[in-house]
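Visitor: I have just opened this one and would like a tour. Where should we begin?

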Amino acid sequence: MIVCPYCQCQLMEGTLFCPECGANLFERAGETSEGPDAELSEKSEASRGRTTAQIAPTQLRLLVLNSGRLVVCPMAEVLLVGRSDPAGGIFPEVDLTQDNAYMAGVSRRHARIIRRGDAFYLEDLASANGTYLNRERLPAHTPVPLEDGSEIRLGNLVLRAIIENPSASGAYP
């Protein structure tokens, strides 16, 4: 058993995300050591004339098939997907309000997309009308890998995931 460092929930070994609070549990296990030794190592690399290449991060875009609108997702670790509600103080990073989301059955806090490095995960937030990935309904609060070309359905609103990895496309030497 492992314990979530944020909400203290007890979980099975190998759990990647806490189902209670959504915390990333595998990032903690793979953390690199920080402190004087790490800084010294960076300085020694620089003194040998080595530099680390800057590679553009993987970009996620969502094509809303109902409206044809292309949504460029911000570079954030967690993206709330839904529709805005100014009175309730809800402003999702991926706001589908202008795509007739209310009539399509999209909840205010419908789903979230979690970024871990170059990988993305889709998680239903116990939405009223469900979240579907490639026509399969997702269980609530269970992150599932999202791949390029995946079909996402939120209620009756259909999206296509476009994941662009600049380093894999050969755009950067």
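Guide: Let us begin with a term: contact means heavy atoms within 4.5 Å. This is a predicted model, in which local features need pLDDT of at least 70 and side-chain atom pairs count only at pLDDT 80 or more, while totals for chains, interfaces and linings use all residues. Residues are numbered from 1 along each chain as its sequence is written, and side-chain values use heavy atoms, with hydrogens and water left out.

Visitor: OK, so which residues does Leu62 touch?

Guide: Leaving aside residues up to four places away in sequence, Leu62 touches Arg69, Leu70, Val71, Cys73, Val94, Ile113, Ile152, Leu159, Arg160 and Ala161.

Visitor: And how many residues are in the largest nonpolar core?

Guide: That core has 25 residues, and Leu62 is among those with the most contacts inside it, as are Val94, Ile113 and Ile152. A nonpolar core here is a set of buried (under 20% relative accessible area, 1.4 Å probe, protein chains only) Ala, Val, Leu, Ile, Met, Phe, Trp, Tyr and Cys residues joined through side-chain atoms within 4.5 Å.

Visitor: Which strand gives the most to it?

Guide: S13 does, with 4 residues; strands are DSSP runs of E, at least two residues long, numbered from the N terminus.

Visitor: Switching topic, what order do the strands take in the open sheet?

Guide: The 6 strands follow the order S4-S3-S13-S12-S9-S10 with antiparallel pairing, where two strands pair if DSSP finds at least two bridges between them.

Visitor: How many bridges join S3 to S13?

Guide: There are 6, and one of the bridge partnerships links Val64 with Leu159 in S13.

Visitor: Which strands stand at the edges?

Guide: S4 (70-72) and S10 (136-137) do, each having a single partner strand, so one side of each is left without a neighbour in the sheet.

Conventions. Buried < 20%, exposed > 50% of the residue type's maximum accessible area, 1.4 Å probe, protein only.
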